[in-house]
Amino acid sequence: MNNVQFIGYATDKPKFKEVEGVESARFSIGITTKVSEDKDESLFITCRIVGKRARIACEVIDKGSRLFVCGRLSCTSWDDKQTGQKRTLYYVYLQDIQYLDDLTISRLKEVSKQKEKEWKY
């Protein structure tokens with residue numbers, strides 16, 4: 001089973017990309033875990049979302065948006081052109097995203113009203 005879920009804050013606005021007709025967006029989420037009584041550990045996780053939800057995410061999510069995300073862990077590898085070394089990026093391929101803060105939810109409602117006809121699933 002490959003399933004991850006967590007709550008965190010968007011560290012930046014999603015970056016939208018369309019390649020060969022496939023819409024996708026990528027952004028990072030920061031999460032903090034209490035390791036001990038006086039120490040926290042912060043993780044920054046790259047998230048990728050595709051389809052119509054990618055466009056919605058780009059219009060709604062902003063830096064600081066509080067999100068619940070659920071998806072599967074995945075990775076991609078490439079050769080770094082500058083160093084020639086093999087690089088690997090682990091990311092969460094999102095299957096579900098929920099907006100948790102009031103500002104992001106109100107943006108979602110506003111955008112939904114404007115584009116209701118376009119977003120028929």
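Tutor: Let's start in strand β5, where you will find Leu73. Keep in mind that this is a predicted model.

Student: Why does Leu73 count as partly exposed?

Tutor: Its relative accessibility is 44%. The label "buried" asks for under 20%, and "exposed" asks for over 50%. The value of 44% fits neither label, so Leu73 is partly exposed.

Student: Which residues is Leu73 in contact with, leaving aside its neighbours within four places in sequence?

Tutor: Those residues are Asn2, Val4, Tyr91 and Val92. Each pair is called a contact because heavy atoms of the two residues come within 4.5 Å. As for Lys17, it is 56 residues from Leu73 in sequence, and their C-alpha atoms are 20 Å apart in space.

Student: What about Ser74: what makes it buried or exposed?

Tutor: Ser74 also has its place in β5, which covers residues 66-79. Its relative accessibility is 17%. The cut-off for buried is under 20%, so Ser74 counts as buried. Not counting residues up to four places away in sequence, Ser74 touches Leu89, Tyr90 and Tyr91.

Student: And how do you know whether Cys70 is buried or exposed?

Tutor: Cys70 is found in β5 too. With 14% relative accessibility, Cys70 falls under the 20% limit and therefore counts as buried. Residues touching Cys70 from beyond four places in sequence are Asn3, Val4, Gln5, Leu94, Gln95 and Asp96. Thr88 is 18 residues from Cys70 in sequence, with 21 Å between their C-alpha atoms.

Student: Let's turn to helix α1. What makes Ala54 buried?

Tutor: Ala54 is found in helix α1. Its relative accessibility is 0%, and buried means under 20%, so Ala54 counts as buried. Beyond four places in sequence, Ala54 touches Phe16, Glu23, Ser24, Ala25 and Ile49. By contrast, a separation of 27 Å lies between the C-alpha atoms of Ala54 and Asp79, which are 25 residues apart along the chain.

Student: Which residues of α1 are buried, and what covers them?

Tutor: In α1, residues 52-60, the buried ones are Ala54, Ile56, Ala57, Cys58 and Val60. Their cover includes β2, β3, β4, β6 and α2. Here is a useful rule: an α-helix has 3.6 residues a turn, so residues three or four places apart point the same way.

Student: Now for β3. How do you know whether Phe27 is buried or exposed?

Tutor: Phe27, found in strand β3, has a relative accessible area of 2%. Set that against the limit of under 20%, and Phe27 is therefore buried. Leaving aside neighbours within four places in sequence, its contacts include Asp12, Ile45, Cys47, Ile61, Leu67 and Ile97. Pro14 is another contact of Phe27; the two are 13 residues apart in sequence, yet 4.6 Å apart from C-alpha to C-alpha.

Student: What makes Glu20 stand out?

Tutor: Glu20 has a phi near 50°, a positive value in a residue other than glycine. Most residues other than glycine have a negative phi. Glu20 is found in the loop between β2 and β3. Its relative accessible area is 80%, and exposed means over 50%, so Glu20 is exposed.

Student: Which residues line the largest pocket?

Tutor: Among them are Asp12, Lys15, Lys17, Val19, Ser24, Phe27 and Arg48. The elements giving two or more residues to that lining are β2 (15-19) and β3 (22-36), and β3 gives the most, with 6 residues. The space in the largest pocket is about 220 Å³.

Student: How many helices and strands does the whole protein have?

Tutor: There are 2 helices and 6 strands. From the N terminus on, their order is β-β-β-β-α-β-β-α. Of the 121 residues, 34% count as buried. Along its principal axes, the C-alpha trace spans about 45 × 45 × 30 Å.

Student: What share of the contacts joins residues 24 or more positions apart?

Tutor: Such residues account for 60% of the contacts with a separation of 6 or more.

Student: And how far apart are the mean positions of the positive and negative charges?

Tutor: They are 4 Å apart, for 22 positive and 18 negative charges. Finally, the protein exposes about 8400 Å², with carbon and sulfur atoms supplying 49% of it.

How values were computed: Residues are numbered from 1 along each chain as its sequence is written. This is a predicted model: local features need pLDDT of at least 70, side-chain atom pairs count only at pLDDT 80 or more; totals for chains, interfaces and linings use all residues. Side-chain values use heavy atoms; hydrogens and water are left out. Helices (H or I, at least four residues) and strands (E, at least two) are DSSP runs, numbered from the N terminus. Buried means under 20% relative accessible area, exposed over 50%, partly exposed in between (1.4 Å probe, protein chains only). Accessible areas come from the Shrake-Rupley method with a 1.4 Å probe; for residues, only the protein chains shown count as cover. Lys and Arg count as positive and Asp and Glu as negative; His and the chain ends are not counted. The place of a charge is taken as NZ of Lys, CZ of Arg, CG of Asp or CD of Glu. On a 1 Å grid over the protein atoms alone, a cavity is a set of points where a 1.4 Å probe fits but cannot get out, and a pocket is an open set with protein on both sides within 12 Å along at least five of seven lines; lining residues have an atom within 4 Å of a point. Grid points are joined across faces, edges and corners, and a volume is the space filled by probe spheres set on the points.
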